[in-house]
Amino acid sequence: LVPSRMHGLGSHAGMAPALPPPAWRDLGASAARLRLAPTLLSGMSFRWKQRVDGIFEGVLGTDAYELKEIADAVHFRVLSKRPSPDAEARLRAHLSLGRGVDVCSWLDQQLLSDPPACFAKAAAALGGVRVLNVEKLESVVAFIGSANNNIKRNMQMVESLCAHFPESRIETEDSHCSKTALHFRFPTVEQLASLSEKTLWELGWGYRAPRLHRLARELSERGGVEFLEALSVLPEVEARAKLCELSGIGRKVADCILLFSYGRDSVVPVDTHCLQIAQKRLLPSIRGLSLSAGVYQKIVDRFHEIFGKEFAGWAFMVMFVGELSDFRKVIEARAQTKSNILIEAPAEIKSNLVEVSQRDNLSRWSNITYWN
């Protein structure tokens, strides 16, 4: 999403009137299964934004979408003039509605014998956090940009990259979406390979420009998206090793890609934030240690021990989101007596209270550094 250069152009005489906006449709996912802000704005994807009216805008493939929470449900609509036939299926896959685990079920069904207190509090207050499924090329590029970066700036970098290719603009009816944004498909490998380092610097990629420049050429030489798709059938260790052969990708970035684009739900990406969580909450024996390969593996093993290997990556994301300042306030408020209004109020009121809290603090937690 980028600021529209066509803002202010209205209908002209003789032009056909704009079509009515598409109807909102129910995704069939309750708040217990899907909460938008902690899922879309926590650094798994960098192509969603929340507008001042609370509606989320984003792009998947060749389609632009809007999402909003209404009471205990999530509604969506496709903004594209000519939506792809699988637009809804793509959205459901992106939100992992047919994959993974509902966070609250770990507590409701007592699947954990002794869950860490920090996890239990985060899961109770932020149920509905899901691990996204992001297109592989987009994930590779975005997570190269995320190193030593913050989510807001990385979103801007990804946006500028997409908007550099006007031929990738997604056509939408002006009346269907925000008048302040245009929508663009993510660049292809060929488009990325056409960019010079100088252009990438100008697009805001800074010292990461040479990495992305090399990466695009490496992907092109290996067969492009087909190379990335072929990794899907490899065992985790082999897929990780292949990703780490690419410029700008070490184990942590590779693990982000495996979790968020390959459905490897047992993977736990360990960055400095995860290290701090483990040192404070899960593994006192590593306090004071730096993030070596050995410490990295100890943290992964500890997550597998506590949560089981199958969905350890989902448990990690619950705890990761719970450490973000905005959502930590939600957790703290719920733990207080006054938070009964959040627990006992009708679903619509609860949704609005949490949504307002998240939106009001968005500018603060958007600047937190992710995936270091």
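**Exercise 1. The β4-β5 hairpin**

In which sense do strand β4 (residues 56-60) and β5 pair, and over how many bridges?

*Solution.* The model is predicted: local features need pLDDT of at least 70, side-chain atom pairs count only at pLDDT 80 or more, and totals for chains, interfaces and linings use all residues. Residues are numbered from 1 along each chain as its sequence is written, and side-chain values use heavy atoms, with hydrogens and water left out.

Step 1. Helices (H or I, at least four residues) and strands (E, at least two) are DSSP runs, numbered from the N terminus. Two strands pair if DSSP finds at least two bridges between them.

Step 2. β4 and β5 pair in the antiparallel sense, over five bridges. In β5, A64 is the bridge partner of V59, and Y65 is that of G58.

Step 3. Two residues lie between the strands of this hairpin, where G61 takes a positive phi near 60 degrees.

**Exercise 2. From hairpin to sheet**

Locate β5 within its sheet and describe its surroundings.

*Solution.* Step 1. β5 is also joined to strand β6 (residues 73-78), by six bridges in an antiparallel arrangement. I70 stands opposite A73 in β6. The hairpin of β5 and β6 has two residues between the strands, and A71 takes a positive phi near 50 degrees there.

Step 2. The open sheet has five strands in the order β2-β6-β5-β4-β3, with antiparallel pairing. Because β2 (25-26) and β3 (48-50) stand at the edges with a single partner strand each, one side of each is left without a neighbour in the sheet.

Step 3. Six of the eight residues of β5 (residues 63-70) are buried (under 20% relative accessible area; exposed is over 50%, partly exposed in between; 1.4 Å probe, protein chains only). The strand is therefore largely enclosed by the rest of the structure.

Step 4. Helix α2 (residues 87-94) lies across β2, β3, β4, β5 and β6, and runs at about 60 degrees to β5.

**Exercise 3. Two helix pairs**

Classify the packing of α6 with α8 and of α14 with α15.

*Solution.* Step 1. Axes are lines fitted to C-alpha atoms, for helices over the stretch in contact (heavy atoms within 4.5 Å), and angles run from 0 to 180 degrees between N-to-C directions. Angles under 35 degrees count as roughly parallel, over 145 as roughly antiparallel, 65 to 115 as roughly perpendicular and the rest as oblique.

Step 2. Helix α6 (residues 151-163) packs with helix α8 (residues 197-205) at about 135 degrees, the axes being 9 Å apart; α6 is therefore oblique to α8. R153, M157, V158, S160 and L161 in α6 meet L200, L203, G204 and W205 in α8.

Step 3. For α14 and α15 the angle is about 100 degrees, with the axes 9 Å apart, so α14 is roughly perpendicular to α15. F303, H304 and F307 of α14 make the contact with A312, A315, F316 and M319 of α15.

**Exercise 4. Helix α12 and the cysteines**

Assess the burial of α12 and search for disulfides.

*Solution.* Step 1. Ten of the eleven residues of helix α12 (residues 251-261) are buried, so α12 is largely enclosed by the rest of the structure. Its buried residues pack against α5 (136-146), α11 (236-244), α14 (293-307) and α15 (312-322).

Step 2. C256 is among the buried residues of α12. Just after this helix, G263 takes a positive phi of about 65 degrees.

Step 3. A search of the whole structure finds zero disulfides (pairs of cysteine sulfur atoms within 2.5 Å). C274 is in no disulfide, the nearest cysteine sulfur being that of C256, 10.0 Å away. C274 is buried, with a relative accessible area of 0%.
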